[in-house]
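Notebook open, structure loaded. I want to go through the sheets, the cores, one loop residue and the cysteines.

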Amino acid sequence: MSFVDPDLVSDCVHCGFCLPTCPTYVLWGEEMDSPRGRIQLMLQQLEGEPLTPSAAGHFDACLGCMACVTACPSGVRYDTLIEQTRVGVEEQHPRALPERALRGLVFGLFPHPRRLAVLKLPLWLYQRLGSPLLDRLPGRLSALSALAPPVHRSVPLPARLPALGTRRAVVGMLTGCVQRAFFPDVNAATARVLAAEGCDVVIPPGQGCCGALSVHSGRRDEAAGFARGIVDTFADAGIDALVVNAAGCGSSLKEIGALLADDPVYAPRAAWLAGRVADFSELLGRLGPVAPRHPLPVTVAYHDACHLAHAQGVRSQPRELLRGIPGLVLREIADPELCCGSAGVWNVLNPEPAAELGARKAGNVLATGADWLVTANPGCLMQIGAGVRAAGGTIRTAHTAQVLDASIRGVRLPR
């Protein structure tokens, strides 16, 4: 695999600090399903070993959660290594027909907001009426059905929402794919909070996918195509920052300059835009609060989305925003470094181990005794919600933006 950087591979000293933070190693205890084991497989590929189905399976099994990047004392860029490796897996590893069909369905649907919007009506009918046919779907499709959140009516957003009071910044807002289709209330809350905190919010209606799911799955050319669309949408929109409220999307957009570095037409604008990407909580932390907060007497368990905490290093900002709400009690979740099992589309491609990780996370969430689970990624909301339902527990879920929005407007959290 000549596309894997040998210098990055050699950075690993095989110390083992990554092992207890790796979800697949925790589940299976297999060396080749740990970060250092996969790096050893990468080294074998660099030395000329053929890519076997077994090796491809170990690479596929990685969630890409980046907990090992946080844990590593040697600064190994496993995030870069696994993305480079997956490009080779996609190019060189022939997949069986059922696997190709499922991946074709996933990548033909999830990165396309309009196609997801079409899916909402049959999903709404299924959730209300049920369907014996859908109940007999194969495991992976059945798991996908179980993950789906309740379908809500789309909330139309204006192309530009003016700041309330003194304007402090002009920000673009990414509406996303799954976020736009299934969590429109999160986008609406995000826009309202940004406006309340003094931001003109630019929300281009024709924006598409950022390419996060594709780049994390080794579909680099596809991801680059999506990324060019985002550059065209936002790079010349007159914004000070591009705000993202989905952790996986934000992590990819911060690397959009590297993704398009070899494109002479897009590289300069992509690098400019990458430097202005900020998570919702990250931007609000920089600006500081100006909108008054009303009391919100709730107990909240905050879950660190992997691509927010590990990939972007954003941990304190959402907690500080939540602690700034009068009456809100914040509780921490045990084993926060372990992924919930969502990991983009990993839970769709690997439903059984994902369910194990989801059950583990759901148990830790329920043990807090909190009224609400709050996080910053749609995949986590769906995955943990499914885990809680499977465990027979009850806890309401919300995005950080929704909690702030309720406090600023002086209303109850939406159920």
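In which sense do strand 6 and strand 8 pair, and over how many bridges? I looked it up: the pairing is parallel, over three bridges. Strands here are DSSP runs of E with at least two residues, helices are runs of H or I with at least four, and both are numbered from the N terminus. Two strands pair if DSSP finds at least two bridges between them.

Before going on, some housekeeping. This is a predicted model, where local features need pLDDT of at least 70 and side-chain atom pairs count only at pLDDT 80 or more, while totals for chains, interfaces and linings use all residues. Residues are numbered from 1 along each chain as its sequence is written, and side-chain values use heavy atoms, with hydrogens and water left out.

**Sheets**

I found Val300 opposite Trp372, which sits in strand 8. Following the pairing outward gave me an open sheet of four strands, order 7-6-8-9, paired in parallel. Strand 7 and strand 9 (396–399) are the edges, each pairing on one side only. On average, neighbouring strands in this sheet are turned by 35° against each other, direction ignored; the axes are lines fitted to C-alpha atoms, and angles run from 0 to 180 degrees between N-to-C directions.

I then checked the five-stranded open sheet, which has the order 1-3-2-4-5 and mixed pairing. Its edges are strand 1 (160–161) and strand 5 (277–279), each paired on one side only. Inside it, strand 2 (residues 169–173) and strand 3 (residues 199–202) run parallel and are joined by four bridges. Gly172 has Val202 of strand 3 as its bridge partner.

**Cores**

I pulled up the largest nonpolar core and got 52 residues, with Val171, Leu194 and Val403 making the most contacts inside it. A nonpolar core is a set of buried Ala, Val, Leu, Ile, Met, Phe, Trp, Tyr and Cys residues joined through side-chain atoms within 4.5 Å. Buried means under 20% relative accessible area, exposed over 50%, and partly exposed in between (1.4 Å probe, protein chains only). A second, separate core has 27 residues, including Val170, Val202, Cys249 and Val277.

Val403 has contacts (heavy atoms within 4.5 Å) with Leu296, Leu322, Ile325, Leu328, Val374, Ala398 and Leu413, leaving aside residues up to four places away in sequence. Leu322 is one of the buried residues of helix 20 (residues 316–323), along with Gln317, Pro318, Arg319 and Leu321. I traced what these buried residues pack against: helix 18 (280–287), strand 6 (299–302), strand 7 (329–331), strand 8 and helix 24 (400–409).

**Thr368**

Where does Thr368 sit? I placed it in the loop between helix 22 (351–367) and strand 8 (372–375). Thr368 is buried at 12% relative accessible area. Its side chain reaches the backbone oxygen of Val365 at 2.6 Å and the backbone nitrogen of Ala370 at 3.2 Å. Leaving out residues up to four places away in sequence, Thr368 touches Ala301, Arg331, Glu332 and Ile333.

**Cysteines**

How many disulfides does the structure hold? I counted zero, a disulfide being a pair of cysteine sulfur atoms within 2.5 Å. For Cys210, the nearest cysteine sulfur is that of Cys249, 3.8 Å away. Cys210 is buried, with a relative accessible area of 7%. Cys380 is buried too, at 5%. Its sulfur is 4.1 Å from that of Cys340, the closest one, which is too far for a bond.

Terms used
Polar contact = N/O pair within 3.5 Å; in protein donor to acceptor, adjacent residues only side chain to side chain.
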